[in-house]
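Hi,

Here is the structure I promised to pass on. Have a look at it first, then read my notes underneath.

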Amino acid sequence: MFKLVVQEGETPGKEYTLKDRMTVGRLSTNDIFVQDIHASRTNSRIERGDDGVYIEDLGSTCGTVVNGRKVKRVRLTPGDRVTIGNTVLCLVDTAAPPPLPPPGPGAGPGAGHGTGKHGHEPEPGGDREIPTAPVRSAHLSPPRPVPFRAPTSARAATARDDEDTAVRRKEQGSLPAAGGGRARLERLVAGVLFVVFLAVVLFAAKWVGARIAAKVLSPG
């Protein structure tokens, strides 16, 4: 049975038992929910088949990185490290036998046969060292992963988003006032021009009328 263990990220040590098909991303609706603002909403898909476990990138922005190499689709083996944003997951095969511990000192071939503390034959009736074989554990649980670094906090990112939203709303709220002042100025200028135009027309009409009257009333 395979499972993914979070080694680096917001929830180090969290384990996900693999199903036939699972999605990974920062949306809570994903089977593997990574609280990472650098990950896409649905970043990758993991499929478990008869021939192994495969991971496929779903066109994400940050990509899917396996053992330091960005991939499109690749088969995973136990021990592979999958990086999505700032979150690192490790594939673990729980059915694999645990590694055996190294033998202790004095457990090599010929140790403790016919020799005493100083490599001489033991004296009759003297104390003899009885070699002991190292005790091997029947089952070793996988080591608990230790976080390597703390990624960017999701709460800090949310606070920055709220601050940006407040600034945008403030800027949008100031636009109508500026636009209204400009419209009033344009109407004022248009009114002044219209009054000047009427004055010029009246003056011209008066001047033309005076000339006509002068011609009519002039003798001969």
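One helix and eleven strands make up the secondary structure of the protein; helices (H or I, at least four residues) and strands (E, at least two) are DSSP runs, numbered from the N terminus. In sequence order the pattern reads β-β-β-β-β-β-β-β-β-β-β-α.

Before the details, a word on the source: this is a predicted model, in which local features need pLDDT of at least 70 and side-chain atom pairs count only at pLDDT 80 or more, while totals for chains, interfaces and linings use all residues. Residues are numbered from 1 along each chain as its sequence is written, and side-chain values use heavy atoms, with hydrogens and water left out.

Overall, 22% of the 220 residues count as buried (buried means under 20% relative accessible area, exposed over 50%, partly exposed in between, with a 1.4 Å probe and protein chains only). The protein exposes about 16100 Å², and carbon and sulfur atoms supply 59% of that; the areas come from the Shrake-Rupley method with a 1.4 Å probe, and for residues only the protein chains shown count as cover. Among contacts (heavy atoms within 4.5 Å) with a separation of 6 or more, 40% are between residues 24 or more positions apart.

A good place to start is Val53, in strand β6 (residues 52–57). Val53 is buried, at a relative accessible area of 1%. Leaving aside neighbours within four places in sequence, its contacts include Phe2, Leu18, Ile46, Glu47 and Val74. Phe2 is 51 residues away from Val53 along the chain, yet their C-alpha atoms are separated by 8.5 Å.

Now the charges. The structure holds nine salt bridges, each being a side-chain nitrogen of Lys or Arg within 4 Å of a carboxyl oxygen of Asp or Glu. One of them joins Arg21 and Glu47 (3.1 Å, N to O). Arg21 lies in strand β3 (residues 21–25) and Glu47 in strand β5 (residues 44–49), so this pair ties together parts that are 26 residues apart in sequence. Arg21 is exposed, at 55%, whereas Glu47 is buried, at 18%. Glu47 also meets Arg73 in a salt bridge (3.6 Å, N to O). Since Arg73 sits in strand β9 (residues 73–76) and Glu47 in strand β5, that pair too ties together parts 26 residues apart in sequence.

The helix has its own example: Arg182 forms a salt bridge with Glu186, with the closest N and O atoms 3.6 Å apart. Being four residues apart in helix α1, the two are separated by about one helical turn. Arg182 is exposed at 61% and Glu186 partly exposed at 48%. Back among the strands, salt bridges with shared partners join Arg21, Arg45, Glu47, Glu56 and Arg73 into one network.

What is on the surface of the helix? Leu185, Leu188, Val189, Val192, Leu193, Val196 and Val200 make a nonpolar patch of about 650 Å². Patches are made of residues with over 30% relative accessible area and no salt bridge, like charges being joined within 9 Å and nonpolar side chains (Val, Leu, Ile, Met, Phe, Trp, Tyr) within 5 Å. Val189 belongs to helix α1 and is partly exposed, at 42%.

One last oddity: Asn67 has a positive phi of about 55 degrees although it is not a glycine. Asn67 sits in the loop between β7 (64–66) and β8 (69–71).

Cheers
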